[in-house]
Amino acid sequence: MPVTDHLETQKRAYATWAKFYDKIYQRMLSRPQREAVAAACACGPEILEIGVGTGLTLPYFTPESRVVGADLSLDMLKVANRKVASGGLGHVRGLTVMDACRLGFEAERFDAVTAQFVITLVPDPEQALAEMDRVLKPGGEIVISSRLVDDGGALAPFWAAVAPLARAIGWSSDFKVSRLTDWAARTGRYDTVHIGRGYFKVVRLRKRASLPT
């Protein structure tokens with residue numbers, strides 16, 4: 001499927017999901033989302049959240065944070081904007097429609113970049129990671145939470161089999177943890193500092209403050 005078609009399919013899916021996303025996912029995703037936000041906040045105040053969606057995570061950030069949220073879906077962001085206004089979330093400095101693979105920010109702007117339940121859905125995850133790397137300061141972290149499959153896990157064949165159905169409704173079922181850790185290793189600039197356990201996982205990739213000479 002061409003990238004443009006894939007993105008348009010996602011936009012249509014999330015225009016529908018925006019109406020009831022919170023009711024389904026708020027409790028289900030709270031633990032990994034809170035964990036990811038805490039890790040991002042520990043890196044510094046300047047934080048980018050990719051795939052901010054309806055803004056489920058926005059109340060979890062510290063008041064000292066300066067958070068920018070990006071998402072492909074305008075319908076989702078409209079919900080997030082209402083939360084920012086009604087909740088007085090002054091730490092949210094902006095919400096913008098943006099493609100994760102083409103971020104419109106200058107290099108090394110953010111102390112942390114968090115991507116929650118989105119990396120498995122972008123058409124080119126490695127390009128999205130490269131963009132996160134570009135906008136992240138040395139010493140910062142890429143913090144990802146998502147439904148990630150353990151390599152060699154007993155259920156891996158099952159999740160691969162149901163992947164087409166999952167994609168049709170805007171989900172992902174067969175994205176492996178190694179796709180993230182292998183990317184980090186290939187760059188020569190990142191260390192994998194944490195891989196969570198369970199159905200939903202948090203993975204933290206730390207950008208080295210300096211490269212060995």
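This is a short walk through one protein model, from its overall layout to its sheet, helices, cores and aromatic pairs.

Hello everyone, and thanks for coming. Before we start, please keep in mind that the model on the screen is predicted.

Let's begin with the whole chain. The protein holds seven helices and seven strands. Going from the N terminus, the elements follow the order α-α-β-β-α-β-β-α-β-α-α-α-β-β. There are 213 residues in the protein, and buried ones make up 52% of them. The accessible surface comes to about 10200 Å², with 55% of that belonging to carbon and sulfur atoms. How do the contacts spread along the sequence? If we take contacts between residues at least 6 apart in sequence, 70% of them join residues at least 24 apart.

Now to the sheet. In which order do the seven strands sit? Reading across this open sheet, you meet β3-β2-β1-β4-β5-β7-β6, and the pairing is mixed. At the edges are β3, residues 92-97, and β6, residues 190-195, each of which pairs on one side only. Neighbouring strands here are turned by 15° against each other on average, direction ignored.

Let's walk through some of those pairings. Next to the edge strand β3 is β2, residues 66-71; the two run parallel and are joined by five bridges. If you want to find that spot on the screen, look for D71, which stands opposite V97 in β3. Moving along, β1 and β4 also run parallel, with four bridges between them. There, I50 has A115 in β4 as its bridge partner. Then β4 pairs with β5, again in the parallel sense, over six bridges. On that side, T114 stands opposite V143 in β5, and Q116 has S145 in β5 as its bridge partner.

Are these two strands buried or exposed? For β4, seven of the seven residues are buried, so this strand is largely enclosed by the rest of the structure. For β5, nine of the 12 residues are buried, so β5 too is largely enclosed by the rest of the structure.

Next, two helices that lie on strands of the sheet. Helix α4, residues 125-135, lies across β1, β4, β5, β6 and β7, and runs at about 145° to β5. Helix α7, residues 177-187, lies across β5, β6 and β7, at about 155° to β6. Which residues of α7 are buried? They are V177, S178, L180, T181, W183, A184 and T187. These buried residues pack against α4, β5, β6 and β7. Right after α7 comes G188, and its phi is positive, near 75°.

That brings us to the interior. As a general point, nonpolar side chains tend to be buried together in soluble globular proteins. In this model the largest nonpolar core has 31 residues, and the members that touch the most other members are L48, I50, I119, M132 and I142. You may recognise I50 from its bridge to A115. At least two residues of this core come from each of β1, β2, β4, α4, β5, α7 and β7.

Let's zoom in on I142. Leaving aside residues up to four places away in sequence, I142 touches V113, L129, M132, D133, L136, W183, Y190, V203, R204 and L205. Among these is W183, one of the buried residues of α7. There is also a second, separate core of 15 residues, which includes V52, A80, V84 and L89.

Last stop: the aromatic rings. How many aromatic pairs are there? The count comes to three. One of them is F105 with F110, an edge-to-face pair at 5.3 Å centre to centre, with 90° between the planes. Both F105 and F110 are buried. Another is F117 with F200, also edge-to-face, at 5.3 Å centre to centre and 80° between the planes. Why is this pair worth a look? F117 lies in the loop between β4 and α4, while F200 is in strand β7, so the pair ties together parts that are 83 residues apart in sequence. F117 and F200 are both buried as well.

To take away one picture, remember the open sheet of seven strands, with α4 lying across five of them, β1, β4, β5, β6 and β7. Thanks for listening!

Note on methods
Residues numbered from 1 in each chain as written. Heavy atoms only, no water. Pairing = 2+ DSSP bridges. Axes fitted to C-alpha atoms, helices over the stretch in contact; angles between N-to-C directions. Contact = heavy atoms within 4.5 Å. Buried < 20%, exposed > 50% of the residue type's maximum accessible area, 1.4 Å probe, protein only. Areas by Shrake-Rupley, 256 points an atom, 1.4 Å probe, with all protein chains shown as cover. Core = buried A, V, L, I, M, F, W, Y, C linked by side-chain atoms within 4.5 Å. Phe/Tyr/Trp six-rings, centres within 6.5 Å; stacked < 30°, edge-to-face > 60°.
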